[in-house]
Amino acid sequence: MLCHAEYLFEGDFESGELSGDRYRVTWYPVNEGPYPEIVSAPVRSGNYAVRFRQEFGWGGDEESNRAEVHTRRVDNGSERGFFQHHGENWIRFSLYLDESWANDTAPELVFQLHGDRDSAEEPYRSPPLALYIKDNAWYWIIRWDVKPISTTVGGGGTRRVWEAPYEKGRWVDWVIHARWSHQKDGVGFMKIWKDGKLVVDDRGPNMFNDSAGMKGPQFGIYKWPWLKGPSDVHERIVFFDDVFVGDHRSPMEPHLSN
């Protein structure tokens, strides 16, 4: 169970809207593309979930590759400072890949945690933790860097810690328990449960060396290969519900069944 006194973010969508004090939405084409929608079905719990849809070349715009929510802290409304070096957190979310989901050789992201760059001179960096989908599989990747200024997109190292065939047409529940570290100091660990089963038990560095730590979860659809042209699919639809972020005092019990 989530100890509500200690949560950093709660997204159950039961307000029926994407509130500006809790979320920031990015979608392309800006003000024209398919804005994330609160829906009454399918839902993981309660009455509402959020639906993301993106389409290649929406409205003739070749930049239609993203429809995501960026979370804001419940205490100060900031997207920054969710996760800190040597800090410990719990994260829970449920996602539902639409029945229309089909294999594609071009990858996408559906959930990610981003670092918080200390310098504008740093290159764009891939997320330290992300759930990708490509071909017939989804997989978790961890990235890290001990250097204060990363010089490569992938930082100092990358680990693919889990992979399996994706599942569509049903809710899949994820719980993450992590202690963060950008160093090989024996402190960092990552445990991930899928539908109540532990699928990742990783030890090692798992974040970039950023003084502000990491931002809160981004989730939805981010299909960057569409910027270079079409792929094997032209549309993606995914649903999210029950998104929570807690600190070390907020253990979250993995769902044992659907």
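The following exchange introduces a predicted model through its salt bridges, strands and aromatic rings.

Colleague: How many salt bridges does the count come to?
Modeller: Side chains of opposite charge can pair when their charged atoms come close. The rule applied here asks for a side-chain nitrogen of Lys or Arg within 4 Å of a carboxyl oxygen of Asp or Glu. By this rule, the number of salt bridges is 23.

Colleague: How many residues apart in sequence are the parts that Glu79 and Arg24 tie together?
Modeller: The side chains of Glu79 and Arg24 meet in a salt bridge, with N to O at 2.5 Å. Glu79 lies in the loop between β5 (66–71) and β6 (88–97), whereas Arg24 belongs to strand β2 (residues 23–27), so the parts tied together are separated in sequence by 55 residues.

Colleague: Is Arg24 buried or partly exposed?
Modeller: Buried means under 20% relative accessible area, and partly exposed lies between that and 50%. Its partner Glu79, at 14% relative accessibility, counts as buried. Arg24 has a relative accessibility of 31%, so the residue counts as partly exposed.

Colleague: Which residue forms a salt bridge with Arg66?
Modeller: Arg66 counts as buried, at 17% relative accessibility. The partner is also a buried residue, with 0% relative accessibility. The closest N and O atoms of the pair are 2.4 Å apart, and the partner is Glu68.

Colleague: Where does Arg80 lie, given its salt bridge with Asp116?
Modeller: The side chains of Asp116 and Arg80 meet at 2.5 Å, N to O. Asp116 lies in the loop between β7 (104–113) and β8 (129–135), and the pair ties together parts 36 residues apart in sequence, so the bridge reaches from that loop to the one holding Arg80, between β5 and β6.

Colleague: Which strand pairs with β6 over eight bridges?
Modeller: Nine of the 10 residues of β6 are buried, so this strand is mostly covered. With strand β11 (residues 171–179), β6 pairs in the antiparallel sense over nine bridges. The eight bridges, also antiparallel, join β6 to strand β15 (residues 235–247).

Colleague: Which residue of β15 stands opposite Phe52?
Modeller: Phe52 lies in strand β4, where five of the seven residues are buried. Six bridges join β4 to β15 in an antiparallel arrangement. Opposite Phe52 in β15 stands Val238.

Colleague: Why is the pair of Phe52 and Phe219 classed as edge-to-face?
Modeller: Rings pair if their centres lie within 6.5 Å, and planes over 60 degrees apart count as edge-to-face. The centres of Phe52 and Phe219 are 6.0 Å apart and their planes stand at 85 degrees, so the pair is edge-to-face. The pair links strand β4 with strand β14 (residues 218–222), and its two residues are separated along the chain by 167 residues.

Colleague: How many residues apart in sequence are the parts tied together by Phe52 and Phe240?
Modeller: These two rings form an edge-to-face pair, 5.9 Å centre to centre with 90 degrees between the planes. Both Phe52 and Phe240 are buried. Phe52 lies in strand β4 and Phe240 in strand β15, so the separation in sequence is 188 residues.

Colleague: At what distance from the ring centre does Arg236 lie over the face of Trp101?
Modeller: A charge sits over a ring only when, among other conditions, CZ of Arg is within 6 Å of the ring centre. One such case is Arg125, whose charged end sits over the ring of Phe208 at 4.4 Å from its centre. For Arg236 over Trp101, the distance is 4.0 Å.

Conventions
Residues are numbered from 1 along each chain as its sequence is written. This is a predicted model: local features need pLDDT of at least 70, side-chain atom pairs count only at pLDDT 80 or more; totals for chains, interfaces and linings use all residues. Side-chain values use heavy atoms; hydrogens and water are left out. Helices (H or I, at least four residues) and strands (E, at least two) are DSSP runs, numbered from the N terminus. Buried means under 20% relative accessible area, exposed over 50%, partly exposed in between (1.4 Å probe, protein chains only). Two strands pair if DSSP finds at least two bridges between them. Rings of Phe, Tyr and Trp (its six-membered ring) pair if their centres lie within 6.5 Å; planes under 30 degrees apart count as stacked, over 60 as edge-to-face and the rest as tilted. A charge sits over a ring if NZ of Lys or CZ of Arg is within 6 Å of the ring centre and within 35 degrees of the ring normal.
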